[in-house]
Each structure stands twice: as structure tokens, then as C-alpha cells.
Amino acid sequence: MYDTVLLPTDGSEAMETVVEHARDIAERRGADVHVLYVVDDRAFLTLDDDRIPEVTDSLRDEGERATDEIAADFDAPEVSVSTEIREGNPADEILAVADERDADLVVMGTHGSDPTRNMLGSVSQKVVTLSSVPVLTVDIADADDDAAPIDAAIDASADN
């Protein structure tokens, strides 16, 4: 039933719970797992043009760290794991990769009903609404998620 599982990550520590769900499904089904990190280019709208490459590089580094760490969490021989980093609107890229990889399931975190997180529209809600495959959302609203990767990348580039 689930041969390919797409696991989008935002690089936060709160993803641990989401990874546990994806790992359980993949190991039980012998499914391939594709870990995806999307550099959210919408965050660049307010940046000076000369800072965009610096922030992009920082976010790509964060994406590589996050996807590599998650891939290392899958140690079952029957589970094949691949990683990918893209740039764009996260929801749109998740949907595109789900189609391109013929994913049978998307497993992703959601911040639940927190109105401060959903003012501009939830990535997970858009994916759930528009996905042609089932989407398992795992509530990470209560997880310790203080430092968002985009904020950290922008702060780091401001220090340089």
C-alpha cells in the first residue's frame, strides 16, 4: 500500500515525532523514504538583493544538515532513503515532489490550530487539501521549537 513515503522537514527539532511516524510506516511496509527540505524563497521578499545569496546558502546548509540527520535515523535494511533540497513555496514544492516521486503517502508536521502560525495559510493545510495521495499530519505544536531555521539564517547573515 505504501511503497514511497515523502517526508518533508523544516529542520526543526520538533520533527523528531514526525520522523518516528514515518520510520514506523516505512519499516513495517519496506517503503522507500524521500526526505525533502524546501528553502522557502518567500522569506526573501523583504531582504536586500545582496543578502539573498547569503541567506539562501545558510538555509541550504540547514537543509543538508536536517535531511542528512533524518536519513541517518533510518537504519532498517529494507528501507531506502533519499534526500532532496529545493527552493520555492514549501507547499507547492511538496506537492510537486509527491507527484514526481510517485509518493503513496506524505508524512509531515503541523502546528495544529495555533492561529499565530496559520495567519498566512498553513503549508500542511494546503498539502492536505491539494494532495492526490494521503497525508498523515503529526501535531508538533507543543514540541520545543523555539528557533525557526529561516529566522536563524537571517540572523546569522546579519551578523556577517
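**Thr9, a pocket and some salt bridges**

Okay, let's start at Thr9, which is buried, at a relative accessible area of 8%. Buried here means under 20% relative accessible area, exposed means over 50%, and partly exposed is in between, with a 1.4 Å probe and protein chains only.

Before going on, a word on the model. It's a predicted one, where local features need pLDDT of at least 70 and side-chain atom pairs count only at pLDDT 80 or more, while totals for chains, interfaces and linings use all residues. Residues are numbered from 1 along each chain as its sequence is written, and side-chain values use heavy atoms, with hydrogens and water left out.

Back to Thr9. Thr9 sits in strand S1, residues 4–9. When I say strand or helix, I mean a DSSP run numbered from the N terminus: H or I with at least four residues for helices, E with at least two for strands. What does Thr9 contact once neighbours within four places in sequence are left aside? The list is Met15, Val35, Leu36, Tyr37, Val38, Ala66, Thr67 and Ile70, where contact means heavy atoms within 4.5 Å. There's also a polar contact: a polar atom of the Thr9 side chain is 3.0 Å from the backbone nitrogen of Gly11. The rule for that is a pair of N or O atoms within 3.5 Å; within protein, one must be able to donate a hydrogen and the other to accept it, and residues adjacent in sequence count only if both atoms are side-chain atoms.

Now zoom out. The protein has 5 helices and 5 strands, and along the sequence they follow the pattern β-α-β-α-β-α-β-α-β-α. Of the 160 residues, 42% are buried. Take the contacts between residues at least 6 apart in sequence: 82% of them join residues at least 24 apart. The accessible surface is about 8700 Å², and 44% of that belongs to carbon and sulfur atoms. That's Shrake-Rupley with a 1.4 Å probe, and for residues only the protein chains shown count as cover.

Next, the second largest pocket, which Thr9 helps to line. Its volume is about 190 Å³. Other lining residues include Gly11, Ser12, Met15, Arg65, Glu69 and Asp73. Which helix gives the largest share of that lining? It's H2, with 4 residues; H1 (15–29) and H2 each supply at least two. For the method people: on a 1 Å grid over the protein atoms alone, a pocket is an open set of points with protein on both sides within 12 Å along at least five of seven lines, whereas a cavity is a set where a 1.4 Å probe fits but cannot get out; lining residues have an atom within 4 Å of a point. Points are joined across faces, edges and corners, and the volume is the space filled by probe spheres set on them.

On to charges. Side chains of opposite charge can pair when their charged atoms come close. The whole structure has 9 salt bridges, each being a side-chain nitrogen of Lys or Arg within 4 Å of a carboxyl oxygen of Asp or Glu. Two of the pocket residues make one: Glu69 pairs with Arg65, closest N and O atoms 2.8 Å apart. Both lie in H2 (residues 52–72), 4 residues apart, about one turn of the helix. Glu69 is partly exposed at 44%, and Arg65 is partly exposed too, at 32%.

Then there's Arg86, buried at 16%. Arg86 bridges to Glu84 at 2.7 Å between closest N and O atoms, and both of those residues are buried. Arg86 also pairs with Glu100, this time at 2.2 Å. That second pair links distant parts of the chain, with Glu100 in helix H3 (residues 90–100) and Arg86 in strand S3 (residues 81–88), 14 residues apart. Buried or exposed for Glu100? Exposed, at 51%. Shared partners join Glu84, Arg86, Glu93, Glu100 and Arg101 into one network.

Strand S3 also holds Gly88, buried at 6%. Beyond four places in sequence, Gly88 touches Val38, Val39, Asp40, Asp41 and Glu93. Its C-alpha is 7.3 Å from that of Arg42, 46 residues away along the chain.

Last stop: Asp102, in the loop between H3 and strand S4 (105–110). Asp102 is exposed at 58%, and its phi is near 50 degrees, a positive value in a residue other than glycine.
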